[in-house]
Amino acid sequence: CIDATLWWLIAIHFFDRNLPQHGLAKELAKPIERALNWLHCQEHQKLFLLQQNEASDWADIMPRSGFVLYSNALWYYVKHLYGLPHSEETKFHFNHLFFPFSGNMPDYHRLRLLTHYVRRHARRNDLYLSFVNFSFWGEEGDTFGNLLAILLGLADEGPTHRILNAIDQAQRDVPYPLRVTCKPIGKDHLLWREYMGRHRQNYNYQYHNGGIWPFVGGFWVMALTAAGLESRARQALVQLAHANQVADWGFHEWFHGKNGTPHGMRGQSWNAAMFLLAHHALEHKVF
């Protein structure tokens, strides 16, 4: 998955910044160079955004392809951390492509075609699109990708509050934070794929198709904190604790997006880690 390489690079930089005496980045200089080179091979030469196939990031049975919001939020952050070229172009094209509803039109011809096509046919939404391909795009509302856009410096103050208000008003954090898809992709939708029904897993309000993931709930708390909404963030952190507490502190992988029943594996360490990180973020800057 393309995001595994991106998170790996972020983790190395985080470790090296906090424990420089270990010299991890120096030790892994060659693998880091190969990883960055591989990512540059996936980057569009003019838009400076990554391209990918379906089901090739953490949402591993979702039909997002082409330019994907989530992966490109991480790519921009990796560029920032490692001082890579064209990071400002990445941010500019990110905001024009995934939110093509502003009055400004980009200069690059292909991007103008993509944004014009989306603007003619898509319904205006306060969230970034989950992906954009040549003639189709994602309006289901990828909350994880939108939160990363806030936390990693892609969404300025106006878009940040627009996104948080949209998630809040739609109650995507009920009963627990956070539902990862605002509007699930049903079997009658153009974007539905047969593989989404594998093991009956990715139907409406399940798994990545509208299920609740406490792991992502931690990013919700951090985004609220980063926007200065401390009271709301603390409330969300309590909700997150209740999610992890279900079934005698089961730390379940995900919950049904409507009825809140637990699913997936118990004992998810990333749930515990994200709860601790979200709590830490109330007092300390993380990203």
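Buried here means under 20% relative accessible area, a cut-off used throughout these legends to the predicted model.

**Figure 1. Phe94 and Phe98 form an edge-to-face ring pair in helix H5.**
Phe94 is buried, and Phe98 is buried as well. The centres of the two rings are 4.9 Å apart and their planes stand at 70 degrees, so the pair is classed as edge-to-face. Being 4 residues apart in helix H5, Phe94 and Phe98 are separated by about one helical turn. An α-helix has 3.6 residues a turn, so residues three or four places apart point the same way.

**Figure 2. Tyr207 and Trp254 make an edge-to-face pair between distant parts of the sequence.**
The ring centres of Tyr207 and Trp254 lie 6.1 Å apart, with 70 degrees between the planes. Tyr207 belongs to the loop between H8 and H9, whereas Trp254 is in strand S3, so the pair ties together parts that are 47 residues apart in sequence. Tyr207 is buried, with a relative accessible area of 8%, and Trp254 also counts as buried, at 5% relative accessibility. Both residues belong to a cluster linked by ring pairs, which includes Trp7, Trp58, Tyr70 and Phe219.

**Figure 3. The largest nonpolar core and the surroundings of Tyr128.**
The largest nonpolar core has 85 residues, and those with the most contacts inside it are Phe94, Tyr128, Leu147, Val216, Phe219 and Met222. Helix H4 (residues 69–82) gives the most to this core, with 9 residues. Leaving aside neighbours within four places in sequence, Tyr128 is in contact with residues including Leu69, Phe94, Phe98, Phe99 and Arg162. Arg162 lies over the face of Tyr128, at 5.8 Å from the ring centre, and over the face of Phe99, at 3.7 Å from the ring centre.

**Figure 4. Helix H4 is largely enclosed by the rest of the structure.**
Of the 14 residues of H4, 12 are buried, so the helix is largely enclosed; among them are Leu69, Tyr70, Trp75, Tyr76, Tyr77 and Lys79. The cover over the buried residues of H4 includes helices H1 (2–18), H3 (29–41), H5 (87–98) and H7, together with strands S1 (67–68) and S2. At 1.5 Å a residue, the 14 residues of H4 should span 20 Å, which agrees with the 20 Å between its end C-alpha atoms. Just after H4, Gly83 takes a positive phi of about 65 degrees.

**Figure 5. Backbone features in three loops.**
In the loop between helix H8 (157–169) and helix H9 (214–226) lies Pro175, which is joined to Val174 by a cis peptide bond with omega of about 0 degrees. Leu178 is found in the loop between H8 and H9 too, and a cis peptide bond with omega of about 10 degrees joins Pro177 to Leu178. His86, in the loop between H4 and H5, has a positive phi near 65 degrees although it is a residue other than glycine, and at 36% relative accessibility His86 counts as partly exposed. Phe251, in the loop between helix H10 (230–249) and strand S3 (254–255), likewise is not a glycine and has a positive phi of about 45 degrees; with a relative accessible area of 21%, Phe251 is partly exposed.

Note on methods:
Residues are numbered from 1 along each chain as its sequence is written. This is a predicted model: local features need pLDDT of at least 70, side-chain atom pairs count only at pLDDT 80 or more; totals for chains, interfaces and linings use all residues. Side-chain values use heavy atoms; hydrogens and water are left out. A nonpolar core is a set of buried Ala, Val, Leu, Ile, Met, Phe, Trp, Tyr and Cys residues joined through side-chain atoms within 4.5 Å. Buried means under 20% relative accessible area, exposed over 50%, partly exposed in between (1.4 Å probe, protein chains only). Helices (H or I, at least four residues) and strands (E, at least two) are DSSP runs, numbered from the N terminus. Contact means heavy atoms within 4.5 Å. The expected span of a helix is 1.5 Å times one less than its number of residues. Rings of Phe, Tyr and Trp (its six-membered ring) pair if their centres lie within 6.5 Å; planes under 30 degrees apart count as stacked, over 60 as edge-to-face and the rest as tilted. A charge sits over a ring if NZ of Lys or CZ of Arg is within 6 Å of the ring centre and within 35 degrees of the ring normal.
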